[in-house]
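Here are my notes on the model you sent, set out as numbered points. Please read them with the structure open beside you.

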Amino acid sequence: MNRFQNPALGTLILRLSLGLMYLSHGLLKLLVFTPAGTAGYFASLGLPGFVGYLSILAEVGGGLLLLSGFFTRWVALALVPLLLGTIVLVHGAHGWMFSNEGGGWEYPAFLITSSLALFFLGDSKRQA
């Protein structure tokens with residue numbers, strides 16, 4: 001292994017960036033769209049409104065857990081169904097590119113693959 005090969009550092013960067021991404025999306029729903037607004041949006045998709053609250057909790061809580069390195073593998077894996085739901089219920093109909101009107105499914109798919117990579121890598125604290 002040369003000096004540029006550092007799996008633990010790479011895993012740490014992935015964990016922190018995903019944690020910040022989930023946290024920022026959850027805080028957007030909490031502080032900008034508001035919990036009631038988020039619940040209303042989820043209801044407009046045909047889901048029960050409380051799923052909006054669960055989404056906020058999953059993104060804020062999951063982001064904080066990833067940032068802390070607590071149960072990293074399982075938190076990353078647990079967030080995948082949330083992202084699959086965004087593809088199926090929202091972004092899938094808008095094509096691939098996230099820059100499309102309404103946002104395509106490119107970005108949620110990337111977050112899914114990054115979350116799965118983190119699941120397989122672990123928390124960067126211990127490398128076998």
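1. Which residue follows α5, and what is the sign of its phi? Glycine 122 comes directly after that helix, and its phi is positive, near 100°. Please bear in mind throughout that this is a predicted model.

2. On the overall fold, the chain contains five helices and zero strands, so that reading along the sequence gives the pattern α-α-α-α-α. Its C-alpha atoms fill a box of roughly 50 × 30 × 20 Å along the principal axes. Of the 128 residues, 34% count as buried, and the accessible surface comes to about 7,600 Å², with 73% of that area belonging to carbon and sulfur atoms. When contacts between residues at least 6 apart in sequence are considered, 61% of them join residues at least 24 apart.

3. The largest nonpolar core has 14 residues, and within it Leu18, Tyr22, Leu66 and Leu118 touch the most other members. At least two residues of this core are supplied by each of α1 (7–32), α4 (72–89) and α5 (106–121), and the largest share, six residues, comes from α4. As general background, nonpolar side chains in soluble globular proteins tend to be buried together.

4. Tyrosine 22 deserves a separate look, since it is one of the core residues that touch the most other members. Apart from neighbours within four places in sequence, tyrosine 22 is in contact with Glu59, Val60, Gly63, Leu66, Leu79, Leu83, Leu111 and Ser115. Among these partners, Leu79 and Leu83 are buried residues of α4, while Leu111 and Ser115 are buried residues of α5.

5. In α4, which has 18 residues, the distance from the first C-alpha to the last is 26 Å, close to the 26 Å expected at 1.5 Å a residue. The buried residues in this helix are Thr72, Val75, Ala76, Leu79, Val80, Leu83 and Ile87, and what covers them includes α1, α3 (50–68) and α5. A reader following this list of positions may recall that an α-helix has 3.6 residues a turn, so residues three or four places apart point the same way.

6. For α5, the 16 residues should span 22 Å at 1.5 Å a residue, and the end C-alpha atoms are indeed 22 Å apart, which agrees. Its buried residues are Pro108, Ala109, Leu111, Ile112, Ser114, Ser115, Leu118 and Phe119, and they pack against α1, α3 and α4. Leu118, already mentioned for its contacts within the core, lies 22 Å from asparagine 2, C-alpha to C-alpha, although the two are 116 residues apart in sequence. Asparagine 2 belongs to the segment before α1 and, at 44% relative accessibility, counts as partly exposed.

7. How many salt bridges does a search of the whole structure find? The search finds one, formed by lysine 29 and glutamate 59, whose closest N and O atoms are 2.9 Å apart. Lysine 29 lies in helix α1 and glutamate 59 in helix α3, so the pair ties together parts that are 30 residues apart in sequence. Is each partner buried or exposed? Lysine 29 is buried because its relative accessible area, 15%, is under the 20% cut-off, and glutamate 59, at 6%, counts as buried on that basis too. Glutamate 59 is also listed among the contacts of tyrosine 22.

8. On the surface, Leu27, Leu28, Leu30, Leu31, Val32 and Phe33 form a nonpolar patch with about 540 Å² of accessible area together. Phenylalanine 33 is found in the loop between α1 and α2 (35–44), where it is partly exposed, with a relative accessible area of 46%.

9. Finally, two residues that are not glycines deserve a check of their backbone angles. Threonine 34, in the loop between α1 and α2, has a positive phi of about 70° and is partly exposed, at 34% relative accessible area. Phenylalanine 71, in the loop between α3 and α4, has a positive phi of about 50° and counts as exposed because its relative accessible area, 53%, is over the 50% cut-off.

Note on methods
Residues are numbered from 1 along each chain as its sequence is written. This is a predicted model: local features need pLDDT of at least 70, side-chain atom pairs count only at pLDDT 80 or more; totals for chains, interfaces and linings use all residues. Side-chain values use heavy atoms; hydrogens and water are left out. A nonpolar core is a set of buried Ala, Val, Leu, Ile, Met, Phe, Trp, Tyr and Cys residues joined through side-chain atoms within 4.5 Å. Buried means under 20% relative accessible area, exposed over 50%, partly exposed in between (1.4 Å probe, protein chains only). Helices (H or I, at least four residues) and strands (E, at least two) are DSSP runs, numbered from the N terminus. Contact means heavy atoms within 4.5 Å. The expected span of a helix is 1.5 Å times one less than its number of residues. Patches are made of residues with over 30% relative accessible area and no salt bridge: like charges are joined within 9 Å, nonpolar side chains (Val, Leu, Ile, Met, Phe, Trp, Tyr) within 5 Å. Accessible areas come from the Shrake-Rupley method with a 1.4 Å probe; for residues, only the protein chains shown count as cover. A salt bridge is a side-chain nitrogen of Lys or Arg within 4 Å of a carboxyl oxygen of Asp or Glu.
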